[in-house]
Each structure stands twice: as C-alpha cells, then as structure tokens.
Amino acid sequence: MKHAARALLVCLCTALISPGVVASGSPSLHADPLVVSGNAVVVWNANAGKAAVAAGISPGGNPFHESRLYATMHIAIHDALNAIDRRFRPYIQGLRAEQGANPKAAVAAAARDVLVTLLAQLPLVPQGGIDLAVAGVGADYAAALSSIPNGSGKAKGVAVGQAAAAAVLAARAADGSDQNMVDTGYPQGTDPGEYRFTPPFNFAFATGWGDVTPFVLRNSQQFRPGPPDPVTSNAYTADFNEVKRLGGDDITTPSTRTAEQTEIALFWVESSPLMWNRIARTVSTQRGIGLWKAARVFGLLNMALADGYVGTIDTKYHYNYWRPITAIQNAGTDGNPNTSGDPTWTPLVTTPPIPDYDSGHSVQGGVGGQVLRRLFGNEVSFRTCSMTLPAGSTCVDPSPVFRRYTSFFQAMRENGRSRILVGFHFRKAVQEGIEHGRKIGNRAVDRFLQRVD
C-alpha cells in the first residue's frame with residue numbers, strides 16, 4: 001500500500017508540471033539568483049526551500065506539508081531569537097536563553113532540528129528523497145556553525161535554538177497533519193456542479209487537511225466564503241466560457257491565450273510557499289532588515305500560508321464544486337442552455353485532484369501579498385523567477401526569465417489570474433480565494449508576534 005501511495009504522489013507531482021517544464025530535484029542547483037544575504041534567517045529560509053525541492057514535495061506535489069515545514073521552522077527561529085532578546089512576542093511562551101547566547105547559532109540550530117525532524121515524517125516521499133534533503137540540511141548546518149567562533153556563546157545559542165525547536169515540534173505533534181493524503185474512496189458527485197475525480201486521477205487529495213490545527217486562525221471555517229455560483233446562473237456562464245476559451249492546452253484544445261498569458265500561467269504553477277518565500281527573501285534583502293525583523297516577517301508569512309491551505313481545503317470539500325475540466329467535458333448535461341460541452345477539452349496543465357472552490361493558489365496569493373504589503377508597504381518594486389517555466393527559463397538556469405512587479409497587489413492579482421489561464425479555476429473561485437487569503441493574512445499580522453514595547 002505504501003508503494004502504491006508513493007506512486008500516486010509521483011504521478012501527482014509529475015502531472016502538476018506540464019510537459020517541457022523543469023522541476024529539478026538537485027539541491028546543489030538551487031542557489032537563489034535574486035538574493036545574496038548575510039541575514040541568517042533569510043539564508044535558512046532559502047535552505048528550507050532547497051530541502052523541500054530535494055525531498056520532492058516542491059515545486060509541485062504536496063504544498064500542504066511544505067507550508068507546515070516552513071511555518072514550524074520559522075516559529076522556532078523567531079522564538080529562539082526572542083528568548084535571547086525579547087523584541088517581539090513569542091509564539092510559544094516560557095523560553096529563555098542564557099546570557100551571551102549567539103543569535104546566528106540559535107537560528108541555525110532551531111532551523112536544523114525542525115527540518116530534520118519534519119523531513120523524516122513526510123508522507124509518500126521515497127526514503128532517497130528524504131535522505132537527500134536531510135543531507136543538504138546537515139551540510140548547511142555545518143557551514144553555518146563553522147562561521148561562528150567556538151565558545152560559550154555559540155554553545156548557548158545552539159542550546160536555545162534546540163529548545164525552541166523542541167517546544168514548537170511538541171506543540172504541533174498532534175495537529176492532525178499525519179493523515180492519509182490520498183483518498184481513492186472519496187465519493188464522487190453525479191449532479192451538475194458536484195466534484196468528481198479529475199483525469200487522470202482516481203483519487204481526491206488532502207481531503208482532511210481542513211481538520212489540521214491552524215497556526216493563527218480560530219478554526220478552519222473562520223473566513224470561509226459564501227457558496228459558488230449555481231451552474232445555471234449568468235455569472236457561471238461567463239466564467240465557464242472564459243476558462244474554456246483561455247485555459248486549453250493549445251494542442252488537443254485551442255486557446256486564445258497570448259504568449260505572455262501562457263508565460264503567466266506556467267510561471268505561477270510553482271508551489272505557492274516556494275514562490276512567496278522567494279519574493280519575501282528578495283524584498284527583505286532589498287530592505288536590509290535585521291535578524292529579529294526577518295524572523296517576524298517569515299514567521300507571520302509562513303504561519304498564514306499554512307493556514308491558507310487549512311482554510312481553503314475546508315472550503316473546497318465543504319462546497320465540493322467541480323473543476324473546469326469536468327464542467328466543460330460534461331456541459332451537455334449541466335442544465336445550462338448557454339454552455340456547450342467539449343468531451344476532449346484539455347487544460348494547459350493537468351488539473352490537481354482537489355475541488356475548484358475556492359482557489360487554493362489564489363488564497364495563497366492573497367495571504368502572501370497581504371502579509372508582505374502590511375509589513376513592507378504595497379508600493380514595493382521587485383522581480384522574481386519561477387521553477388515551472390519551460391527548460392532554459394527557470395530560476396536554476398543560466399538566464400532565468402524574471403517577471404517584474406511594482407506592488408504586492410499586482411503580483412497577488414496576477415497569481416490569481418494565472419489559475420484561469422492554466423485552465424484550473426473559474427473566476428469566482430479566484431476572486432473569493434484572494435479575499436479569503438487577505439483576511440487570513442490580516443489576522444496573522446494583527447494578532448501574532450507583536451512588538452514588545
């Protein structure tokens with residue numbers, strides 16, 4: 001059964017990366033082309049991304065455990081630093097460092113212990129991927145400690161980092177994330193608008209993730225949006241025709257996408273936690289922020305991103321709404337005289353085996369954009385690259401393609417629009433997803449890791 005489940009995840013990861021799109025698993029290739037930082041928090045954020053890619057859960061496949069990995073690590077980093085010098089309220093109370101503890105050693109130890117522990121617990125990941133990721137983390141840890149002079153400060157820093165990691169890991173040990181991610185017995189709908197498996201999958205993914213204990217939300221339903229549009233409504237008809245016209249693969253299914261729209265579609269296929277953390281590293285480095293502020297930025301961002309998945313999965317399986325591929329292929333029986341079916345309609349990228357509404361990727365964009373605009377201001381110019389563009393154009397290639405933005409709001413909106421262009425979502429799911437994510441981001445910034453006066 002374990003081998004079958006792993007095969008299903010391999011199928012999922014492969015399907016989420018379209019033909020001709022690169023997703024390298026070699027961590028040695030993942031030097032960040034945008035950031036050269038001496039900030040240990042920023043460096044360990046990049047190290048965590050390398051580990052997720054090496055393990056095979058990113059840039060496509062399992063962003064749920066990826067988001068939990070980053071959030072847990074950054075809480076440990078934040079709390080370790082604030083045990084040394086209390087500038088922001090810790091997430092978990094009661095941790096104190098011995099006087100003279102080295103902050104960089106604390107960051108490294110907190111990050112290393114969380115990553116090694118959680119990587120070993122990843123479901124459906126072959127042992128070879130876990131071993132590769134853990135080895136990379138070990139090498140990064142050794143390099144970090146070798147740059148710190150030996151002595152009591154280094155030892156005290158390591159000790160408080162390890163204590164912070166242990167405290168956060170204990171707090172999250174029974175959060176419900178150790179669940180079966182592949183549900184072949186999930187009941188498929190039969191009426192128009194009801195979710196059914198998306199080809200080529202014979203399962204639904206992450207059906208119970210809405211029951212995972214949130215980091216910042218009261219519960220997974222806190223900001224659940226209202227229902228999707230009825231399939232006989234004018235609004236649904238407009239959304240249906242839009243994604244049908246734009247979202248095809250241009251091979252089996254014609255598409256009216258422009259070349260730039262195709263680039264946007266593929267650019268944002270990348271795992272949201274991987275992308276929004278890269279953006280945060282870029283802006284944090286541009287601003288030259290210090291360790292403590294960086295710890296708060298990445299702590300808030302990643303707790304909110306993790307809760308974005310908890311909230312969107314609750315919403316998705318509550319409404320159980322069908323995907324565009326199912327809707328278009330079965331439009332002849334949907335009861336809407338203004339929609340026409342195409343039994344061979346094929347999206348640009350294989351549709352994930354999760355219901356349409358709301359768009360989880362758009363929730364993530366709403367979270368990421370809102371947290372960063374609250375912390376840095378909206379009118380911030382930056383550029384970023386992607387791991388899911390065609391070979392030769394990705395972040396790890398000699399000449400990556402960059403997309404440039406003048407605000408977080410602009411990136412948030414483009415991320416959402418990409419889900420229509422790639423053929424994954426109706427516009428209603430995108431719009432509601434963005435607003436859902438913004439509410440989660442606001443709650444994180446307003447209530448957690450607050451400055452200590």
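A residue counts as buried when its relative accessible area is under 20%. That cut-off recurs throughout this tour of a predicted model.

**The whole chain**

Begin with the entire chain displayed as a cartoon. Its secondary structure consists of 14 helices and 4 strands. Along the principal axes, the C-alpha atoms fill a box of roughly 75 × 50 × 45 Å. The radius of gyration is 21 Å, which agrees with the value near 22 Å for a compact globule of 453 residues. Colouring by relative accessibility will show that 62% of the 453 residues count as buried. A contact map adds a further view: among contacts between residues at least 6 apart in sequence, 82% join residues at least 24 apart.

**Stop 1: Ile-420 in helix H13**

Select Ile-420, which lies in helix H13. Is Ile-420 buried or exposed? Its relative accessibility is 2%, so under the 20% cut-off Ile-420 counts as buried. Next, display the residues around this side chain, setting aside neighbours within four places in sequence. Ile-420 is then in contact with Glu-242, Val-243, Gly-247, His-425, Arg-427 and Val-430. For a distance check, pick the C-alpha atoms of Ile-420 and Thr-388: the two residues are 32 apart in sequence and 17 Å apart in space.

**Stop 2: Asn-415 in helix H13**

Move to Asn-415, whose place is in helix H13, residues 408-421. With a relative accessible area of 0%, Asn-415 is buried. Which residues does Asn-415 touch, not counting those up to four places away in sequence? They are Trp-268, His-361, Ser-362 and Gly-365.

**Stop 3: helix H3 against helix H10**

Select helix H3 (residues 63-84) together with helix H10 (residues 291-319). Their axes come within 8 Å and cross at roughly 150°. Because that angle is over 145 degrees, H3 and H10 are roughly antiparallel to each other. The crossing is left-handed. To display the contact, show side chains on both helices:

- On H3, the residues are Pro-63, Phe-64, Ser-67, Arg-68, Tyr-70, Ala-71, His-74, Ile-75, Ile-77, His-78, Leu-81 and Asn-82.
- On H10, they are Leu-291, Trp-292, Ala-295, Arg-296, Phe-298, Gly-299, Asn-302, Met-303, Leu-305, Ala-306, Tyr-309 and Ile-313.

Coloured by class, the contact of H3 with H10 has 16 nonpolar, 6 polar and 2 charged residues.

**Stop 4: helix H3 against helix H6**

Keep H3 selected and replace H10 with helix H6 (residues 152-172). How far apart are the axes of H3 and H6? They are 8 Å apart, and the helices pack at an angle of about 135°. H3 and H6 are therefore oblique to each other. H3 passes H6 in a right-handed crossing. The residues to display are these:

- H3 contributes Arg-68, Thr-72, Ile-75, Ala-76, Asp-79, Ala-80, Ala-83 and Ile-84.
- H6 contributes Val-160, Gly-161, Ala-164, Ala-165, Val-168, Leu-169 and Arg-172.

By class, this contact of H3 with H6 has 10 nonpolar, 2 polar and 3 charged residues. Arg-68 and Ile-75 of H3 appear in the contact with H6 and also in the contact with H10.

**Stop 5: backbone geometry**

The remaining selections concern the backbone. Most residues other than glycine have a negative phi, and most peptide bonds are trans.

Select Ser-58 and Pro-59 first. The peptide bond between them is cis, with omega near 10°. Pro-59 is found in the loop between helix H2 (40-55) and H3, the helix of the two preceding stops.

Go on to Pro-199 and Pro-200, where the peptide bond is again cis, with omega near 10°. Pro-200 is found in the loop between strand E1 (182-183) and strand E2 (204-205).

Then select Ala-206, in the loop between E2 and helix H7 (234-246). Phi of Ala-206 is near 60°, a positive value in a residue other than glycine. At 0% relative accessibility, Ala-206 counts as buried.

Finish at Leu-449, in the segment after helix H14 (427-447). What is the phi of Leu-449? Its value is near 55°, which is positive in a residue other than glycine. Leu-449 is buried, with a relative accessible area of 4%.

Definitions and conventions
Residues are numbered from 1 along each chain as its sequence is written. This is a predicted model: local features need pLDDT of at least 70, side-chain atom pairs count only at pLDDT 80 or more; totals for chains, interfaces and linings use all residues. Side-chain values use heavy atoms; hydrogens and water are left out. Axes are lines fitted to C-alpha atoms, for helices over the stretch in contact, and angles run from 0 to 180 degrees between N-to-C directions. Angles under 35 degrees count as roughly parallel, over 145 as roughly antiparallel, 65 to 115 as roughly perpendicular and the rest as oblique. A crossing is left-handed if the near helix is turned anticlockwise from the far one by less than a right angle, and right-handed if clockwise. Contact means heavy atoms within 4.5 Å. Ala, Val, Leu, Ile, Met, Phe, Trp, Tyr, Cys and Pro count as nonpolar, Asp, Glu, Lys and Arg as charged, and the others, Gly among them, as polar. The radius of gyration is taken over C-alpha atoms; the globule rule is 2.2 Å times the number of residues to the power 0.38. Buried means under 20% relative accessible area, exposed over 50%, partly exposed in between (1.4 Å probe, protein chains only).
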